[in-house]
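Hi everyone, thanks for making time. I've got a short walk-through for you today, so let me put it up on the screen.

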Amino acid sequence: MNRPLIDEHGEVRELTQADFAKFKPASDVLPSDFLNMVKTRGKQKEPTKTATTLRLDPVILEFFKKDGKGYQTRINQVLLEYVLAHR
């Protein structure tokens with residue numbers, strides 16, 4: 001049975017095993033130009049960093065976030081410089 005995925009109200013129905021069996025990898029169905037534009041997350045360079053949770057004052061976070069993406073890297077750089085200067 002070939003039921004539509006969306007009903008008359010615009011709601012997507014629950015997918016079945018038959019639906020999943022029809023799925024294909026994005027590389028098989030999307031244009032290569034589009035796939036080349038999509039950035040994937042790269043592998044972290046050695047040495048790897050350790051994921052942690054850190055609670056910061058809002059003023060600190062706002063300061064580093066104001067320059068956009070990469071704020072965690074900038075915070076890491078400041079902390080690294082501090083560590084190296086105080087060894």
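Let's start with one contact: the side chain of Arg13 reaches the backbone oxygen of Pro4, at 2.8 Å. Keep in mind as we go that this is a predicted model.

So where does Arg13 sit in the chain? You'll find Arg13 in the segment before α1. And is Arg13 buried or exposed? Arg13 counts as buried, because its relative accessible area is 18% and the cut-off for buried is under 20%.

What else does Arg13 touch? If we skip the neighbours within four places in sequence, Arg13 is in contact with Arg3, Pro4, Leu5 and Asp19. Asp19 deserves a second look. The side chains of Arg13 and Asp19 meet in a salt bridge, with 2.7 Å from N to O. Asp19 is buried, and Arg13 is too. As a bit of background, side chains of opposite charge can pair when their charged atoms come close.

How many salt bridges does the structure hold? Two. The other pairing is between the side chains of Asp67 and Lys66, at 3.6 Å, N to O. Here the surroundings look like this: Asp67 is exposed, with a relative accessible area of 53%, and Lys66 is exposed as well, at 55%. So we have a salt bridge with both partners buried, Arg13 and Asp19, and a salt bridge between exposed residues, Asp67 and Lys66.

Now back to Leu5, one of the contacts of Arg13. Leu5 also belongs to a nonpolar patch on the surface, along with Ile6, Val12, Leu15, Phe20 and Phe23. Together they have about 580 Å² of accessible area. Take Phe23 from that group: it's in the loop between α1, which is 17–22, and α2, which is 26–29. Phe23 counts as exposed because its relative accessibility is 52%, and the bar for exposed is over 50%.

Okay, let's zoom out. The protein chain has five helices and zero strands, so to speak α-α-α-α-α if you read along the sequence. What about the overall shape? The C-alpha atoms fill a box of roughly 70 × 30 × 25 Å along the principal axes. The radius of gyration is 23 Å, whereas a compact globule of 87 residues would come out near 12 Å.

And the surface? The chain exposes about 8,900 Å², with 57% of that supplied by carbon and sulfur atoms. Of the 87 residues, 5% count as buried, and Arg13 and Asp19 are among the buried ones.

Notes:
Residues numbered from 1 in each chain as written. Predicted model: local features only at pLDDT ≥ 70, side-chain atom pairs only at ≥ 80, totals over all residues. Heavy atoms only, no water. Patch = residues over 30% accessible without salt bridge, like charges linked within 9 Å, V, L, I, M, F, W, Y side chains within 5 Å. Areas by Shrake-Rupley, 256 points an atom, 1.4 Å probe, with all protein chains shown as cover. Salt bridge = Lys/Arg side-chain N within 4 Å of Asp/Glu carboxyl O. Helix = DSSP H or I, 4+ residues; strand = E, 2+ residues; numbered from the N terminus. Buried < 20%, exposed > 50% of the residue type's maximum accessible area, 1.4 Å probe, protein only. Polar contact = N/O pair within 3.5 Å; in protein donor to acceptor, adjacent residues only side chain to side chain. Contact = heavy atoms within 4.5 Å. Rg over C-alpha atoms; globule rule 2.2 N^0.38 Å.
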